[in-house]
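Welcome! Let us take a short walk through a protein model, with a pause at a few spots.

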Amino acid sequence: MLYISSVFNFLSLLFSVCSENEWHVGVIYDDGFDQANYNLAGLFLALKPTLEHYADISTRNSTLPRPQNFKFTVEKFFINQLCSLINNNVHLVMSLTTCSTAEYLESETYRYHLPHIAIPRPACKEKQTSQKTETTTIWIQTDPYRMAKAFLEISEMELASHALILADGLSAIVPEMYDLTLRRKTENEKFYTDFSTQLFSSKRSINSFSSFNEITLDQFIKSLEENKSKITITKSHLTHIFLIHTKSHPLDYITKILENSKITRKYHWILDEIPDVPINDLLKLIDSSSVDKIKLGFFRQFPVLNFEDLSKHKLKMDARLLIKSALYRETHSLPERVTIAAYMIMVSSQIANFIKSFSSSYLERTGVNCYQINPDLDDFGGRLFYNFLSHKAGTSVWRTLWFYSLENFNDTIRNFVSTAYYTSDDRMKLTSKGIQIKQRSSESGLFPNVFQSFNQKVLRVATILDAPFVVSGQVTEEGKIINATGFGIDLLNELSMHFNFSYNLFVPQNGTYGSMNENGEWDGLMGELVNGHVDMIAAGLTINPRRSNYVEFIGPIVEDTIGILVKPSRANDFFFQMFRLFHFNVWIAIICSVIILGISVWLFNRYSPFSGWNLQHSQANSDEVSLYHNLWISLRCMLLQVIHAIWQADLTAFLTKNKLELPIESLKDLAYNDKMVVLTMKGTSTYNMFQISMNHTFYESIYRKLVENPINVYRTSEAVELVKKFDNYVYITEKLFLMSVLQSEERFHLQVIEEPAIVASLGFAVQRGKEYAKPMSS
């Protein structure tokens with residue numbers, strides 16, 4: 001009996017000693033956590049040995065001979081739950097709930113002065129960590145305003161003209177985004193993204209009380225694929241979809257999206273968060289799909305997902321040591337909220353040990369009356385713990401949002417890597433990985449699964465010997481161009497160096513830019529690219545809607561206007577050109593002035609009593625009363641004093657200028673001039689402009705002239721020679737091509753008439769759907 005009593009006393013003492021070093025955490029969840037797929041009790045039980053081993057690794061000393069022991073009580077939320085947990089000697093409450101439940105727990109934990117770490121999803125609006133003084137709750141959540149600002153920063157970095165906010169319920173993020181966008185518009189920002197919103201239901205039933213047009217996700221995907229107008233999308237080009245989920249099953253949404261490979265590839269998908277889904281589960285889901293190189297990204301609060309994040313992200317030394325030792329191997333297999341909770345539990349146990357070193361009765365809460373309105377409890381422990389934990393846990397770190405994006409390393413290995421982060425001072429910055437992607441791809445750097453390099457591939461490139469894009473080159477019998485030079489070749493060389501490819505140049509079989517026949521088949525450069533004979537067109541291809549339906553344009557490289565090349569007649573091309581200085585009526589006026597002046601002087605000398613002849617001066621002679629002599633004197637005075645000065649000035653100006661007389665001055669003049677012969681290259685956008693604009697009166701007239709003309713030209717230089725040779729020939733094309741071909745002496749004989757109302761954009765082209773089209777344009 002004595003022996004049994006001794007054993008009992010020993011076990012009681014041992015239990016009391018162990019209990020003193022036990023850290024009891026109550027974990028509360030509600031319907032906001034996916035408990036069906038991820039059992040919290042099982043997750044924390046599996047983490048228990050790791051947490052106990054590493055929790056006090058940075059603070060363990062001689063006063064703590066044993067590691068901390070952990071006890072977890074995982075329960076679904078119910079009323080008066082805290083009183084029950086306190087009576088079971090719970091030291092810390094960790095809530096993984098919705099916002100409303102977390103706010104209720106905040107008020108109750110403060111009532112009992114119990115430390116509380118709230119990790120709610122969806123986030124509570126305007127709840128900032130360490131902002132309130134009368135609380136024992138540490139809030140770890142994403143602020144809706146900052147998440148909306150981060151979304152906006154991503155859309156602007158991506159230069160997305162239009163983006164869609166897709167949400168499975170009402171979220172505080174949506175009005176914040178609209179408010180920020182409206183502010184950008186009123187501030188006259190140079191670029192802002194146009195956002196639309198679409199609510200969807202995870203069930204078949206539609207919420208008739210919603211102010212939005214709510215549909216199911218299946219209906220949305222089908223409508224998006226068919227591009228139906230019932231989705232609230234503007235006419236601008238949709239490129240990015242921001243998926244905001246307020247329910248606890250985001251993998252179901254991603255599964256439905258991945259089932260439609262066309263939709264998945266077409267858009268950039270950005271999720272707000274996936275806090276309750278392990279990254280491994282998401283990667284397995286992506287691996288099981290047939291979609292390659294998905295542009296998918298999401299935000300995280302926990303700063304480490306991969307091992308390299310420990311060195312790249314700015315973390316405190318003790319936090320880095322704790323995460324590296326205990327958690328970094330678990331970050332892919334644990335939901336983010338559980339990872340944050342595990343980290344905070346370890347940090348809180350260190351704080352508890354520190355407080356116990358000078359307060360042995362710390363957090364003794366037994367015997368609490370659950371029905372007492374104001375329980376008489378010591379506030380010292382909870383408030384002190386809150387202050388220490390706010391400092392120790394580095395709660396400012398949780399204000400940084402880390403953006404992770406999917407990267408395909410090869411056909412079988414994928415992972416999410418950190419490419420950017422939204423700082424605590426509201427700025428989006430690229431990580432070193434993001435900067436590397438931006439330099440290689442010439443895009444934003446946010447998404448690794450964009451085109452970055454051809455890896456020394458040899459491309460087949462089609463072009464035409466048409467300056468300035470290709471000024472010179474030799475064409476072989478096989479249609480290959482060697483020793484090519486020109487503006488287009490220089491640009492092609494820059495692209496080849498940046499994207500790591502080499503190329504061979506070829507000319508199309510008929511030597512044209514390409515036109516479509518009645519059967520919808522292209523020839524020329526367009527035909528070579530559409531039919532897959534070449535990988536790229538490196539020529540001044542005019543960008544228009546008709547061609548854009550068949551190829552993807554790189555550019556625009558330059559913008560130009562339409563020019564009309566004509567041969568003007570000149571006014572000074574004959575020997576007696578000096579006599580055209582004055583018009584006929586001017587000559588009549590001069591002659592009459594000379595005659596009138598001569599007769600007036602003759603009458604004065606003949607009949608005036610004051611003339612020298614009538615006064616009989618010694619120097620007077622009979623010439624003074626001669627009509628012929630007076631007319632001659634008048635002509636001589638006019639020539640010397642007046643006409644000579646005018647003649648010299650006007651003759652100098654007249655003979656040193658080239659007065660051109662243009663046969664036409666615009667396309668409209670050309671349409672109504674039956675003497676002119678019109679030339680242009682068939683298959684060019686200029687030719688197609690006249691061909692398809694049959695409702696335009698003078699365009700139709702010019703097209704008839706083109707059809708009636710039997711002469712075909714294949715280069716701008718050929719057309720220039722014809723216009724030089726024949727006075728009634730004109731050539732229509734982009735002004736850039738004309739000015740590059742015309743030499744200085746040719747410009748003296750030819751004139752380019754500009755049509756400023758017709759603007760053409762020129763660029764290269766690749767096959768539709770090629771991933772390298774956008775980075776090359778950038």
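What follows looks at the main pocket and then at some backbone details.

This is a predicted model, where local features need pLDDT of at least 70, side-chain atom pairs count only at pLDDT 80 or more, and totals for chains, interfaces and linings use all residues. Residues are numbered from 1 along each chain as its sequence is written, and side-chain values use heavy atoms, with hydrogens and water left out.

The largest pocket holds about 1,600 Å³ of space. Here a pocket is an open set of points on a 1 Å grid over the protein atoms alone, with protein on both sides within 12 Å along at least five of seven lines, and lining residues have an atom within 4 Å of a point. The volume is the space filled by probe spheres set on the points, which are joined across faces, edges and corners. Of the 41 lining residues, His237, Thr239, His268, Glu552 and Lys774 are the closest to the centre. Strand 20 contributes the most to this lining, with five residues; strands (E, at least two residues) are DSSP runs numbered from the N terminus.

Strand 20 (551–566) also houses Pro556, and the bond leading to Pro556 from Gly555 is cis. Another cis bond joins Arg121 and Pro122.

| Cis peptide bond | Omega |
|---|---|
| Arg121 to Pro122 | about -5° |
| Gly555 to Pro556 | near 15° |

Most peptide bonds are trans.

Asn483, found in strand 17, has a positive phi near 55°. At 58% relative accessibility, Asn483 counts as exposed (over 50%, with a 1.4 Å probe and protein chains only).

Key. 1 Å grid on protein atoms, 1.4 Å probe; cavity = no way out; pocket = protein on both sides within 12 Å on 5 of 7 lines; lining within 4 Å. Helix = DSSP H or I, 4+ residues; strand = E, 2+ residues; numbered from the N terminus. Buried < 20%, exposed > 50% of the residue type's maximum accessible area, 1.4 Å probe, protein only.
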